[in-house]
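The following paragraphs lead the reader through one protein, from its enclosed spaces to its packing and then to individual residues. Please keep the sequence and the structure in view while reading.

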Amino acid sequence: MGFSGEMVSKVIQEYGEENEDKLLEELLSYKALESSPRSQQHIERDPCSSENAGSSWDDLSDTDNFSDNEEIAKGTSENDDTLRTLVKMGYKLEEALIAIERLGRNSPLEELVDFIDVAQLAKAEDALLPPEEKLQYNDYTKSKKRSFYNCEVLGRKKPRGCEKKILNEDEEEALHLPNPMIGFGVPTESMFITHRRIPEDAIGPPYFYYENVALAPKGVWQTISRFLYDVEPEFVDSKFFCAAARKRGYIHNLPIQNRFPLLPLPPRTVHEAFPLTRKWWPSWDPRTKLNCLQTCIGSAKLTERIRKAVENYTGDPPEHVQKFVLDQCRKWNLVWVGRNKVAPLEPDEVETLLGFPRNHTRGGGISRTDRYKSLGNSFQVDTVAYHLSVLKEMYPDGINLLSLFSGIGGAEVALHRLGIPLKNVVSVEKSEVNRNIVRSWWEQTNQKGHLFDMDDVRELDGDRLEQLMSTFGGFDLVVGGSPCNNLAGSNRVSRDGLEGKESSLFFDYFRILDLVKNLTAKHR
């Protein structure tokens, strides 16, 4: 194919010999790079001259992006800077095109990045499934589609939700997300909605609170709303509560008057959250907030590449270097920790941004990788606490909580920080790591109530719920955020919406909530 020995040696040194497809992809990328006019011009320079101060620029971009750049040149306008920027940030061309198609060409870069990150998160979660679960995926999905919500499982008359058709995504208009994404109001903005209509079937108690990603495929939030008694979603970006974006939708039947935030108010800019970064932050990096916090972090190789690129210049680096560095910093939420040095956030820094106590996920045999994964899938506590704050006056003596898909206990931490005693908590969470985190937090905070944990929502049938509710008098609040794996709009691998293996667990949330409501009415 015309690859030089030096080129082959360089690629093998960087990527190893095992993955032949990856080697071929990188060799093609290097060849495209060397044949580009900019690269030829670079090779002709005197490596010792002062004009060669930016010579490391050719090493900055991820080499697998050049084939995508060629496709962009063929299929898009030369002025499509947003698409080019996303590809140079390391996103695949297909991901970038789908994100732009879904959100619109005029969407801010930060929203497009959030959208793609959610899709990548979903793919990463699918990749972590054990092999035996992957083998059963097709049969499981077909079964779910046949019995999407099998009312006979409930052993009683069909609830209202069963009669609702789940529309095909193409049959329904896309849901337009609000801008700014402040829901019914946030404490830092002056606009508030103080009254809304709650359908009669949804009126609490018991109260319910459901959360998932805002940027889901069209039709998903309409379907969720129909099943949850036609309650209108509240879409909120947590950047109005902290220094990081987190766009989420919430459906709940809580009052919206007299909400109040957790105090003290959390830092709302990067420099307020991490003051030591201010000293090293370059004037050409305009970021004041971070993008959506992910389950993985930027590599040491990337941060080293950025350091070498920036330190080649005595003053500010040229615009093309700045652009590359900023793109990578936005993608991976890198912060400045020294002269010309960027680094990913530490797990305890992520805990701070999300409103958890320091070291919430630390210790007990939990790996650093598990900490990032658990935090990346969690609630933003300050946001959730603001919505749940109305319960403090209603339940001064404590609350009985059913927490489905509990994660690392975001709802429990929010209620505790609000000063609402946790009398009885039934926590259902598949991950043993997360269950251990919640159990440790419960013990460390000297909770006086009772914690019951389970590992599978599908074990909660009518008999088990009735047994639990008769033990302590019922549930006051049912909280949950089912997996988003199949809701990512640009996830072509398993973009099955609410029919996907993981995201279809939403229907277990509805099933359990509806059982709780019916059992509560039965015992009144």
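What volume does the second largest cavity have? In this predicted model, the volume of the second largest cavity is about 70 Å³. Its lining is formed by Pro 187, Thr 188, Phe 240, Phe 241, Pro 261, Leu 262, Leu 265, Pro 266, Arg 268 and Asp 382. Sorted by class, this lining has seven nonpolar residues, one polar residue and two charged residues.

Rolling a probe the size of a water molecule over the atoms reveals where empty space remains. Applied to the whole structure, the search finds seven cavities of 30 Å³ or more. The largest cavity has a volume of about 110 Å³. Among the residues that line the largest cavity are Leu 293, Gln 294, Cys 296 and Ile 297, together with Trp 332, Asn 333, Pro 344, Leu 345 and Val 350. Tyr 372, Leu 375 and Gly 376 also belong to this lining. In terms of class, the lining of the largest cavity has nine nonpolar and three polar residues, and no charged residues.

Helix α15, which covers residues 368–376, contributes three residues to the lining of the largest cavity, and this is the largest share. The helix has its own set of buried residues, namely Arg 371, Tyr 372, Ser 374, Leu 375 and Gly 376. These buried residues of α15 pack against two other helices: α14, at 347–354, and α19, at 432–444.

From the cavities the view may be widened to the protein as a whole. The protein has 21 helices and nine strands. Of its 524 residues, 54% count as buried. Among contacts with a separation of 6 or more, 72% are accounted for by residues 24 or more positions apart.

The nonpolar cores come next. The largest nonpolar core has 69 residues. Within this core, the residues with the most contacts are Val 325, Leu 353, Leu 388, Leu 391, Leu 415 and Leu 477. Another core, of 39 residues, lies apart from it and includes Val 428, Met 454, Tyr 509 and Phe 510. To return to Leu 353, its contacts include Cys 242, Ala 243, Ala 244, Ala 273 and Phe 274, if residues up to four places away in sequence are not counted. On that count, Leu 353 also touches Leu 290, Leu 293, Leu 345 and Gln 380. Two of these names have been met before: Leu 293 and Leu 345 also line the largest cavity.

Two individual residues may now be considered in turn. Is Ser 403 buried or exposed? Ser 403 has a relative accessible area of 2%, and it therefore counts as buried. It lies in strand β6, at residues 399–404. The side chains of Ser 403 and Ser 406 are joined by a polar contact of 2.8 Å. Farther along the sequence, beyond four places, Ser 403 touches Glu 412, Val 426, Ser 427, Val 428 and Val 479. Of these, Val 428 is also one of the residues in the core of 39 residues.

Glu 311 is located in the loop between α12 (300–310) and α13 (319–332). Because its relative accessible area is 40%, Glu 311 counts as partly exposed. Its side chain is joined to that of Arg 307 by a polar contact of 2.8 Å. Glu 311 and Lys 341 are 30 residues apart in sequence, and their C-alpha atoms are 9.1 Å apart in space.

The last topic is the backbone. Most residues other than glycine have a negative phi, and most peptide bonds are trans. Against this background, the peptide bond from Asn 179 to Pro 180 is cis, with omega near 5°. The peptide bond from Gly 204 to Pro 205 is cis as well, with omega near 5°. Pro 180 is placed in the loop between α9 (137–146) and β1 (207–213), and Pro 205 is found in the loop between α9 and β1 too.

Positive phi values occur at Asp 230, where phi is near 65°, and at Phe 405, where phi is about 55°. Asp 230 is in the loop between α10 (220–227) and β2 (234–237), and it is partly exposed because its relative accessible area is 31%. Phe 405 lies in the loop between β6 and α18 (410–417). With a relative accessible area of 15%, Phe 405 is buried.

Definitions and conventions. Residues are numbered from 1 along each chain as its sequence is written. This is a predicted model: local features need pLDDT of at least 70, side-chain atom pairs count only at pLDDT 80 or more; totals for chains, interfaces and linings use all residues. Side-chain values use heavy atoms; hydrogens and water are left out. On a 1 Å grid over the protein atoms alone, a cavity is a set of points where a 1.4 Å probe fits but cannot get out, and a pocket is an open set with protein on both sides within 12 Å along at least five of seven lines; lining residues have an atom within 4 Å of a point. Grid points are joined across faces, edges and corners, and a volume is the space filled by probe spheres set on the points. Helices (H or I, at least four residues) and strands (E, at least two) are DSSP runs, numbered from the N terminus. Ala, Val, Leu, Ile, Met, Phe, Trp, Tyr, Cys and Pro count as nonpolar, Asp, Glu, Lys and Arg as charged, and the others, Gly among them, as polar. Buried means under 20% relative accessible area, exposed over 50%, partly exposed in between (1.4 Å probe, protein chains only). Contact means heavy atoms within 4.5 Å. A nonpolar core is a set of buried Ala, Val, Leu, Ile, Met, Phe, Trp, Tyr and Cys residues joined through side-chain atoms within 4.5 Å. A polar contact is a pair of N or O atoms within 3.5 Å; within protein, one must be able to donate a hydrogen and the other to accept it, and residues adjacent in sequence count only if both atoms are side-chain atoms.
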